[in-house]
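Q: Could you take me through one part of this model up close? I'd like to see how a pair of helices sits together, and what is going on around them.

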Amino acid sequence: MNDKTFQEKFNQAREFKKQGNLSNAMSLYSELYEQLIRDAFEHTGGSTGLAIDDKEKVDKYLTGDNLACTILNNMGVIWAETGNKEGAKKYFKLSINLTPRDLDYQNPIIGLKELD
């Protein structure tokens, strides 16, 4: 992955969100998350099907830093802002599951609680 391009897209998605252009922000965040998944499969030598072993390896790769959990949290926030509670819950839960164990990242936990 070209990190500069990834960072530029991440910054653009954040800017779209600030401007209220939630559709474009969501599109970019989705694209970034899909790239992380592809990178994880490439890194782990994953197969074309998603076996349990592959999922565990991919999840371990994705929890290596805070990129996946941050992107997923941002997607949850967008869903919440558009009134889609179920979509927001889904992405907040995914964010929590992919938060690195040593990272105190409360945003998705707070987002999930605020939906209740």
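A: Here is a walk through one helix pair, the loop that joins it, and one residue elsewhere. Keep in mind that this is a predicted model.

Let's start with the geometry. Two packed helices are described by the angle between their axes and the distance between the axes. For helix α5 (residues 85–97) and helix α6 (residues 107–115), the axes come within 9 Å and cross at roughly 150 degrees. Angles over 145 degrees count as roughly antiparallel, so α5 and α6 are roughly antiparallel to each other. As for handedness, α5 passes α6 in a left-handed crossing.

Now for who touches whom. On the α5 side, the contact is made by Lys85, Ala88, Lys89, Phe92, Lys93, Ser95 and Ile96. They meet Pro108, Ile109, Gly111, Leu112 and Leu115 from α6. Sort the residues of this contact by character and you get seven nonpolar, two polar and three charged.

Between α5 and α6 there is a loop, and arginine 101 sits in it. With a relative accessible area of 79%, arginine 101 is exposed, since the cut-off for exposed is over 50%. Its C-alpha atom is 9.8 Å from that of aspartate 65, and arginine 101 and aspartate 65 are 36 residues apart along the chain.

For another setting, look at asparagine 74 in helix α4 (residues 67–81). Asparagine 74 has 16% relative accessibility and therefore counts as buried, the limit being under 20%. Leaving aside residues up to four places away in sequence, asparagine 74 touches Phe10 and Tyr29.

Notes:
Residues are numbered from 1 along each chain as its sequence is written. This is a predicted model: local features need pLDDT of at least 70, side-chain atom pairs count only at pLDDT 80 or more; totals for chains, interfaces and linings use all residues. Side-chain values use heavy atoms; hydrogens and water are left out. Axes are lines fitted to C-alpha atoms, for helices over the stretch in contact, and angles run from 0 to 180 degrees between N-to-C directions. Helices (H or I, at least four residues) and strands (E, at least two) are DSSP runs, numbered from the N terminus. Angles under 35 degrees count as roughly parallel, over 145 as roughly antiparallel, 65 to 115 as roughly perpendicular and the rest as oblique. A crossing is left-handed if the near helix is turned anticlockwise from the far one by less than a right angle, and right-handed if clockwise. Contact means heavy atoms within 4.5 Å. Ala, Val, Leu, Ile, Met, Phe, Trp, Tyr, Cys and Pro count as nonpolar, Asp, Glu, Lys and Arg as charged, and the others, Gly among them, as polar. Buried means under 20% relative accessible area, exposed over 50%, partly exposed in between (1.4 Å probe, protein chains only).
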